[in-house]
Amino acid sequence: MKKIVVLTGAGISAESGLKTFRDSDGLWENYRIEDVATPSAWEKNPSLVVEFYNIRRQQALKAKPNAAHSALVKLEKKYDVQIITQNIDDLHERAGSKNVLHLHGEIMKCRSSKDSDLVFPTKNDGLKMGDICPKGSQLRPHVVWFGEMVPELPHAAEFTSQADILIVVGTSLVVYPAAGLLDMAPHPIRKYYIDPNAQPRNNINNLHIIAEKATKGVPELVEKLLEK
Ligand code: APR
């Protein structure tokens with residue numbers, strides 16, 4: 001089976017009602033990254049950080065996978081599909097994708113602030129200050145903040161370097177190291193970039209731009225790849 005790696009960003013969940021970060025009225029227009037998504041934000045005002053991610057979690061719980069998430073599941077009929085998502089929502093899993101790697105963490109989980117291996121499902125009513133791990137330290141959202149290591153990067157790089165086809169969906173490709181995965185894909189393979197605002201990237205060989213929203217562009221591409 002040929003291997004397809006799909007790198008997704010906030011744009012694939014936009015039509016499920018979840019805000020992106022950098023579009024107009026995106027999350028980073030209403031919050032400052034340094035207030036809610038950095039280790040120093042956590043040191044200065046952990047309650048605000050917890051509140052920010054509890055809202056993200058509530059919204060993700062209300063959202064449903066859309067036609068783009070579902071089309072990627074269909075690809076598994078004919079291909080070995082690995083999703084690499086920058087999203088912290090669980091819409092790929094709820095659509096039914098088998099192999100999902102979360103580069104920036106998962107909003108439905110929390111972890112110890114002292115020992116990053118201690119990861120737990122977040123309780124139904126969200127995370128609270130005073131919720132502690134078995135070692136006694138405050139639980140934090142299981143997400144990767146700006147300025148932190150991206151522990152899943154080596155796995156993501158390995159998958160990407162072995163891909164026969166790469167599909168990129170709904171990401172501005174401005175955040176590294178995620179955006180750098182494009183450079184790690186084998187030079188000659190076919191690469192597709194589905195995003196209404198996708199810009200050509202001259203340094204990437206064989207990049208085919210599909211300037212469409214995810215719910216149109218992804219199902220159309222999937223049909224084409226299944227026909228091949
Ligand atoms: N279909 C496809 N793409 C869309 C749609 C849609 N319906 N709506 C918007 N987009 C595209 C935008 O054109 C943009 O290129 O989604 C992209 C969203 O970009 P960002 O907001 O920058 O989100 P993303 O690339 O996922 O951000 C990367 O930045 O803040 C961090 O950790 C956060 O994982 C996130 C990372």
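This text walks through the two domains, the interface between them and the ligand site. The model is predicted: local features need pLDDT of at least 70, side-chain atom pairs count only at pLDDT 80 or more, and totals for chains, interfaces and linings use all residues. Residues are numbered from 1 along each chain as its sequence is written, and side-chain values use heavy atoms, with hydrogens and water left out.

Start with the domains. The assignment splits the protein chain into domain 1 (1-18 + 65-104 + 150-228) and domain 2 (19-62 + 109-143). Such bounds come from an automatic or database domain assignment. The C-alpha centres of the two domains lie 25 Å apart.

Now the interface. Domain 1 places 13 residues in contact with 11 residues of domain 2, where contact means heavy atoms within 4.5 Å. The area buried between the domains is about 830 Å², and carbon and sulfur atoms give 65% of it. Buried area is the accessible area (1.4 Å probe) that two parts lose on being put together, summed over both. Of the area that domain 1 buries against domain 2, Ala 10, Leu 18 and Ile 88 supply 51%, more than any other three residues.

Polar links come next. The rule finds 0 salt bridges across this interface; a salt bridge needs a side-chain nitrogen of Lys or Arg within 4 Å of a carboxyl oxygen of Asp or Glu. Between the domains, 1 residue pair is in polar contact, both at pLDDT 80 or more. A polar contact is a pair of N or O atoms within 3.5 Å; within protein, one must be able to donate a hydrogen and the other to accept it, and residues adjacent in sequence count only if both atoms are side-chain atoms.

Turn to the ligand. Its shell draws at least three residues from each domain. Of the 22 residues around the ligand, Phe 21, Arg 22, Thr 171, Ser 172 and Asp 195 come nearest; near means a heavy atom within 4 Å. A side-chain N or O atom of Asp 195 is 2.6 Å from a ligand oxygen. A polar side-chain atom of Asn 197 lies 2.8 Å from an oxygen atom of the ligand.
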